[in-house]
Each structure stands twice: as C-alpha cells, then as structure tokens.
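The following paragraphs lead the reader through a protein model, from its open and enclosed spaces to its helices and to two individual residues. Please keep the structure in view while reading.

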Amino acid sequence: MKSKALLFLLATLLPSITYASNIKDGSMLPGVTVTNKGELVLKGSDISYQSWRSTKLTGKMRIVFAIAGRSAAKELNAPLVAAISAAKFPEDKYQTTTIINQDDAIWGTGSFVKSATEDSKRQYPWSSIVLDSKGIVQKTWDLKKESSAVFVLDQSGKVLFAHEGKLSPSEIKQVINLVQSNL
C-alpha cells in the first residue's frame, strides 16, 4: 500500500520536475522569483538590488539570456549580443533581460562575477540585469549548467524562441527577425 502511494506521489511530481527542460515555443516560462541579490538598480553610479520576478517579463518584446557566471558561457552568444546592438530596437517596445547565475561560477570567482555584472549594468543602464546568487532560475527552468540559454518573448511573455547553447548564424538571424516582426 505504501509503495503505491509513493509511486503515485512521484508520478504527480514528475511533470513539474521535468516541465522546465521542455520550454517550447508558445509556452510561458515557469514562474520564478530571485530574492538573493536580484535585479540590479542603478542610481548615479551606485548599484542596489531588488527582488525580481519572471512576471516582469511582459509589456515589451524581450530577449532573455540565462547564463552561467562564467566567461565561456557569456561568450557563447556574444554574436547575438552584437546583433541586438546593431538592430537598435526601440527602447519603448523592446528590452533585453540578462539573468546571471552566480552559483554556476568557477569556484572562487563569485565576487568577480558580481563585480562584472555591476560593471555591465553601468555600461548598459537600460538593460534589465538580474544576479541570481543561488541559481534558482537555472534550477526552476532546468537549464544546463556552464551554458547559456536564449528566449525570445512577446509582449504577453509567451515564448517565441527557446535555445540552450551557442546559436548558429541562421538562428541569430531568426531571433532578430522575430523581434523585428513582433515589435
């Protein structure tokens, strides 16, 4: 009797455990809140942190980067970052959101990841940057460690494109075209 109850419990939990790894076009990103660190807020040259929720990913077209706190992960999709800059999307209709997983940094480099994240916010003050010191987004969305994920979201937060790892040149073009056609 107990084994049947345990089996039933595991079967009901399995879909919620595996859902995030199956983020598909047309779906919504699983809800998540980052309270340890969170979204960087720039006032003058000072940085503070505020709680961030994935429900904030509505209202504008967005490209969301969820990356490990490693330079190798950041470099995976540097060509897409360059293409976004070149596209000059209107700030009133488009937002880049970058979520950095400080928990997935090379041992002993967490303070460097934090400092580099704060420097990025100062360099790109219009961007939404989230420092996730506990890796809650990576865990909730079931993303690969030591990697980079890219999501294109419409104004309602619906996923139009999802990819983990390095994008090909044709995928970069697809991402830019998706944003342009949905502005």
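Helix α4 contributes the most to the lining of the largest pocket, with 6 residues. The model is a predicted one, and in it this pocket encloses about 990 Å³ of space. The pocket is lined by 35 residues, of which K74, V81, T98, S120 and Y124 are the closest to its centre. Several elements of secondary structure take part: β3 (61–68), α2 (71–76), α3, β4 (94–101) and α4 each supply at least two residues of the lining. In chemical terms, the lining of the largest pocket consists of 16 nonpolar, 13 polar and 6 charged residues.

A pocket is open, whereas a cavity is a space from which a probe cannot get out. The structure holds 1 cavity of 30 Å³ or more. The volume of the largest cavity is about 70 Å³. Its lining is formed by A66, I67, A68, I99, N101, D104, D132, V137, Q138, L143, K144 and S147. Two or more of the lining residues come from each of β3, β4 and α5 (136–140). Strand β3 gives the most to the lining of the largest cavity, with 3 residues. By class, the residues around this cavity divide into 6 nonpolar, 3 polar and 3 charged.

The chain as a whole may now be considered. Its secondary structure comes to 6 helices and 7 strands. Followed along the sequence, these elements are arranged in the pattern α-β-β-β-α-α-β-α-β-α-β-β-α. The chain has 183 residues, and buried residues make up 42% of them. Among the contacts in the chain with a separation of 6 or more, 70% join residues that are 24 or more positions apart.

One pair of helices illustrates such packing in detail. The axes of helix α3 (residues 78–87) and helix α6 (residues 169–182) come within 10 Å and cross at roughly 35°. The crossing of α3 with α6 is right-handed. On the side of α3, the contact is made by P79, L80, A83, I84 and A87, while α6 supplies I172, V175, I176 and Q180. Sorted by class, the contact of α3 with α6 has 8 nonpolar residues, 1 polar residue and no charged residues.

Two single residues complete the tour. Is T117 buried or exposed? T117 lies in helix α4 (residues 110–123). Because its relative accessible area is 3%, and buried means under 20%, T117 counts as buried. Apart from its neighbours within four places in sequence, T117 is in contact with L40, I100, I129 and L131.

I106 is found in the loop between β4 and α4. The relative accessibility of I106 is 51%; the limit for exposed is over 50%, and therefore I106 counts as exposed. When neighbours within four places in sequence are left aside, I106 is in contact with G69 and R70. I106 can also be compared in position with E146: the two residues are 40 residues apart in sequence, and their C-alpha atoms are 9.1 Å apart in space.

Definitions and conventions
Residues numbered from 1 in each chain as written. Predicted model: local features only at pLDDT ≥ 70, side-chain atom pairs only at ≥ 80, totals over all residues. Heavy atoms only, no water. Axes fitted to C-alpha atoms, helices over the stretch in contact; angles between N-to-C directions. Helix = DSSP H or I, 4+ residues; strand = E, 2+ residues; numbered from the N terminus. Left-handed = near helix turned anticlockwise from the far one by under 90°. Contact = heavy atoms within 4.5 Å. Nonpolar A, V, L, I, M, F, W, Y, C, P; charged D, E, K, R; others polar. Buried < 20%, exposed > 50% of the residue type's maximum accessible area, 1.4 Å probe, protein only. 1 Å grid on protein atoms, 1.4 Å probe; cavity = no way out; pocket = protein on both sides within 12 Å on 5 of 7 lines; lining within 4 Å. Points joined across faces, edges and corners; volume = space filled by probe spheres on them.
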